[in-house]
Amino acid sequence: MDAKQAFRSIKQGNLSPVYVCFGTETYIMNEFVERLLEHHVQPEHREMAIIRFDTGETSIDSILEEAETLPFLVPSKIILVRDSVLFASGKESSRIEHRPESLLAYMSRPSETTVLVFMVHHDKLDERKKLVKTAKANDSVISFSPLQPEELLQWVLKRASNQGRTMESQAAEELLRRVGTDMHALSAETDKLCLHAGSGGSVTLESVRSLVPMATEQNVFKLTEELAALRTAEAIKLYYDLLKQREEPIKLMALLVRQFRNMLYVKELGSQGYSPQQMASQLGLHPYAVKITGEQARKFSQERLAFLLSELADLDYAMKTGRVEKSLGLELFLLKTGSQGAS
């Protein structure tokens, strides 16, 4: 089951006794849990009806004992369990001893007064485990993967619309360029812009540019764009602005290295026929980041990207050994790279 189906199911009043939520998009996962609470727990019952556990600290037997205990002073309860042991595919282990067979038995006969929700903040589950296979067979598994670029754009527009404001598409695109793909940050900045626009107002491109600061990583995206377009003066101005914000030159260089490396990977994977979705999974990037990186990568040759990475490796060594002053060393790299272009 994907997130959209899960939200639709809750809206229709169809609740499962057990949910296994997994994925890296924690904002949407938390939103799902909140919707679940809204539909299942009365506001005045929240203190008694919501119980939280972590499988790294509590055994599954103790969690299930709570699940099978009748709720006290409330008609039903929800148990939220943070898990990196029972369902996850990672190598994390727990000092707590767990008996998965206990959970398998519970899943076959769940309590009628409890909704048990496992929250697994991993990009995938361990498909070899019987627990995962059983949960999938029961249609209890929900995937919370990052939104595609167009979906993320529509999500921002809808959030503004839900608050009685309109937002220009260009304004939403600029917001993504400035904030990035973190949905927690996007929601906060969207709400701020809506507050500024006022009831029935419109969020414009100008208001985004004047009210939303550019995140450091997004500034590095912009920096590479300016270098590729031979706009050296703009790139240097952006660099000075970052230094005024007390950003460390070594940190900025590390972000540049990551962006140039991602561009090289995207070009190589693209030449091998990978789709943007496959690239995002392979590189561990958000689909929107892959889209922007791909647009930038088209302006560079693979040979040029490999050369720039080699230059940055030499600069890193020189900066860390004191052979060159850090801020000056990176500025000279930007001047040289901007003058030579992307090819």
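A salt bridge is a side-chain nitrogen of Lys or Arg within 4 Å of a carboxyl oxygen of Asp or Glu. This predicted model holds 21 salt bridges. The views below show some of them.

**View 1. Glu 38 pairs with Arg 35 in helix α2.** The two residues form a salt bridge. Their closest N and O atoms are 3.6 Å apart. Helix α2 spans residues 26-40. Glu 38 and Arg 35 sit 3 residues apart in helix α2, about one turn. Glu 38 is partly exposed, at 46% relative accessibility. Arg 35 is also partly exposed, with a relative accessible area of 29%.

**View 2. Glu 226 meets Lys 222 in helix α11.** A salt bridge links this pair, with the closest N and O atoms 3.4 Å apart. Helix α11 covers residues 216-228. About one helical turn, or 4 residues, separates Glu 226 from Lys 222. Glu 226 has a relative accessible area of 6%, so Glu 226 counts as buried. Lys 222 is partly exposed, at 31%.

**View 3. Lys 237 bridges to Asp 241 in helix α12.** Here the closest N and O atoms of the salt bridge lie 3.5 Å apart. Helix α12 runs over residues 232-244. Lys 237 and Asp 241 are 4 residues apart, about one helical turn. Lys 237 is exposed, with a relative accessible area of 53%. Asp 241 is partly exposed, at 26% relative accessibility.

**View 4. Glu 31, Arg 35 and Glu 38 form one network.** Salt bridges with shared partners join these three residues. The Glu 38 and Arg 35 bridge from the opening view belongs here.

Key: Residues are numbered from 1 along each chain as its sequence is written. This is a predicted model: local features need pLDDT of at least 70, side-chain atom pairs count only at pLDDT 80 or more; totals for chains, interfaces and linings use all residues. Side-chain values use heavy atoms; hydrogens and water are left out. Helices (H or I, at least four residues) and strands (E, at least two) are DSSP runs, numbered from the N terminus. Buried means under 20% relative accessible area, exposed over 50%, partly exposed in between (1.4 Å probe, protein chains only).
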